[in-house]
Amino acid sequence: MKLLNVFLLTLLTTFASSFSLSPLPSSSKLSRRTLPLKTSTPLFSSISDQSGEATADVTSLNPIQVTGGEAAPPKAALGDTVQTITYFGLWYLFNIGYNIYNKQALNVLAYPWTIATIQMATGAFYFFPLWLSGLRAAPKLSGAELKKLFPIALCHTGVHVGAVIALGAGAVSFAHIVKASEPVATCVLNAVLLKEVLPMKVYATLLPIIGGVAIASMKELSFTFLALSAALLSNLSSAARGVLSKKTMNTKIGENMDPQNLYAVLTAMSTIILIPLMLIFEGTSFFPAAKSLIAAGDFTGRSLMTLLGLGGASYYAYNEVAFLALGKVNPVTHAVGNTIKRVVIIVASVIAFKTPMSRGSVVGSSVAIMGTLLYSLAMNGSKKK
């Protein structure tokens with residue numbers, strides 16, 4: 001695990017220094033008008049990154065869309081392919097790291113509200129220095145625009161804290177199985193709030209999702225109602241975030257609000273929302289519990305801070321790099337990649353924590369995850385039509 005810590009720390013450092021400084025392509029073969037920022041497109045309105053998560057949770061939004069110019073030369077195409085593979089590899093790695101670090105922290109300190117707040121606040125150590133140094137243009141928002149974003153930030157908070165509670169109350173694998181049912185909540189809220197009626201084939205894909213989650217829940221060896229309800233809360237919050245994004249982000253908001261900055265603003269707002277909620281539900285009891293853990297010799301102060309810091313850093317990093325991955329592929333490729341990612345996380349968590357899964361749980365999770373893939377493909381097909 002120490003080697004993994006060093007490896008992830010190195011990758012995080014490389015990620016922060018390289019991706020934030022990457023210039024836009026300046027090839028003379030590209031038209032000067034071909035790099036519009038799609039800042040008015042809803043951030044969470046399509047395919048969710050249903051990991052907790054951030055998810056994270058992001059969409060098939062391409063922050064930089066090339067709309068003209070000639071085809072890239074073979075060397076550039078090869079470099080682009082390598083870059084895409086790198087983005088997906090980092091997306092998977094950071095996601096696995098987050099789930100492992102998060103579960104390790106929750107196993108020794110059962111304070112999900114405090115840990116969720118620390119993880120959310122960690123992102124500030126990444127984007128504020130970028131803004132202050134000028135390496136990334138700082139967003140400019142009025143009070144009215146912040147008020148407009150507040151409901152989305154509230155849902156963003158629910159997505160994260162619900163996932164953290166679920167991961168603490170049950171197995172990581174079970175939390176991700178339940179979170180695979182997010183499309184059900186999305187369809188319901190779209191129908192109720194947006195009056196959006198989808199093709200029947202889209203609704204048909206919900207059946208294996210519901211059935212798979214039901215089978216997995218009945219056969220799950222580490223089943224708890226708290227884990228189930230918290231994961232469902234995260235799903236509902238993510239679906240509501242997507243609906244509100246569609247209703248709110250149909251017009252341009254603020255300046256320099258590209259997808260990365262929008263996510264950073266929501267992270268800052270969610271941190272402010274979480275602090276009073278943390279104090280209401282858990283007070284400051286996390287800190288004496290941490291001191292007792294250190295006094296018992298289970299952790300040093302440094303190792304505990306490293307564990308919490310890596311959890312927060314990997315949480316923000318996988319969401320940030322997800323934008324880079326999404327910008328390189330089409331929605332179908334992303335849907336397949338997202339499905340594979342969930343399988344990889346479940347397998348990695350089972351290996352890391354030696355969590356047993358019954359045959360019924362394996363069957364149920366497989367059916368539910370396949371259902372989410374079919375849902376994503378069906379949604380993409382309906383949008384094309």
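A residue counts as exposed when its relative accessible area is over 50% and as buried when that area is under 20%; the legends below use these words for a predicted model.

**Figure 1. Two lysines in loops have positive phi values.** K195 is found in the loop between α7 (182–193) and α8 (200–204), and with a relative accessible area of 66% it lies over the 50% cut-off, so K195 is exposed. Phi of K195 is near 55 degrees, a positive value in a residue other than glycine. Most residues other than glycine have a negative phi, which is the background for this view. The other lysine, K354, sits in the loop between α14 (331–353) and α15 (359–384), and K354 also has a positive phi, of about 55 degrees, although it is not a glycine. K354 is exposed because its relative accessible area is 71%.

**Figure 2. The whole chain is built from helices, without strands.** The protein of 385 residues has 51% of them buried, and its secondary structure consists of 15 helices and zero strands. Among the contacts between residues at least 6 apart in sequence, 88% join residues at least 24 apart.

**Figure 3. The largest nonpolar core has 68 residues.** The residues with the most contacts inside this core are W91, L109, I115, L149 and L304. Helix α13 (residues 301–326) supplies the largest share of the core, with 13 residues. A second core, separate from this one, has eight residues, among them L198, L206, I209 and A378.

**Figure 4. Helix α9 has a buried face and, turned away from it, exposed residues.** Helix α9 (residues 206–219) has 14 residues, which at 1.5 Å a residue should span 20 Å, and this agrees with its end C-alpha atoms, which are 20 Å apart. Buried in α9 are L206, I209, G212, V213, A216 and S217. Seen down the axis of α9, the buried residues fall within an arc of 135 degrees, so they line one face of the helix. An α-helix has 3.6 residues a turn, so residues three or four places apart point the same way. On the face of α9 turned away from the buried side are the exposed residues L207 and M218. Two of the buried residues of this helix, L206 and I209, are also included in the second nonpolar core.

**Figure 5. T157 is a buried residue with a polar contact to S270.** T157 lies in helix α5 (residues 143–169), and because its relative accessibility is 4%, T157 counts as buried. The side chain of T157 makes a polar contact of 3.1 Å with the side chain of S270. When neighbours within four places in sequence are left aside, T157 is in contact with S270, I273 and L274.

**Figure 6. N235 is a buried residue whose side chain has polar contacts with K179 and S181.** N235 is found in helix α10 (residues 225–248), and its relative accessible area of 2% is under the 20% cut-off, so N235 is buried. One polar contact, of 3.3 Å, joins the side chains of N235 and K179, while another, of 3.0 Å, joins the side chains of N235 and S181. Not counting residues up to four places away in sequence, N235 touches V178, K179, S181, E182 and A185.

**Figure 7. An edge-to-face pair links distant parts of the chain.** The structure holds 16 aromatic pairs. In the pair of Y111 and F286, the ring centres are 6.0 Å apart and the planes stand at 90 degrees, so the pair is edge-to-face. Y111 lies in the loop between α2 (74–108) and α3 (112–122), whereas F286 belongs to helix α12 (residues 286–295), and the two are 175 residues apart. F286 counts as buried because its relative accessibility is 4%.

**Figure 8. A tilted pair of rings lies within helix α4.** The rings of F127 and W131 have their centres 4.9 Å apart and their planes at 45 degrees, so this pair is tilted. F127 and W131 are four residues apart in helix α4 (residues 124–133), and therefore they are separated by about one helical turn. F127 counts as buried at 1% relative accessibility, and W131 counts as buried at 15%. Ring pairs join F127 and W131 with Y126, F128, Y263 and Y316 into a cluster.

Conventions. Residues are numbered from 1 along each chain as its sequence is written. This is a predicted model: local features need pLDDT of at least 70, side-chain atom pairs count only at pLDDT 80 or more; totals for chains, interfaces and linings use all residues. Side-chain values use heavy atoms; hydrogens and water are left out. A nonpolar core is a set of buried Ala, Val, Leu, Ile, Met, Phe, Trp, Tyr and Cys residues joined through side-chain atoms within 4.5 Å. Buried means under 20% relative accessible area, exposed over 50%, partly exposed in between (1.4 Å probe, protein chains only). The expected span of a helix is 1.5 Å times one less than its number of residues. The arc is that of the directions from the helix axis to the C-beta atoms. A polar contact is a pair of N or O atoms within 3.5 Å; within protein, one must be able to donate a hydrogen and the other to accept it, and residues adjacent in sequence count only if both atoms are side-chain atoms. Contact means heavy atoms within 4.5 Å. Rings of Phe, Tyr and Trp (its six-membered ring) pair if their centres lie within 6.5 Å; planes under 30 degrees apart count as stacked, over 60 as edge-to-face and the rest as tilted.
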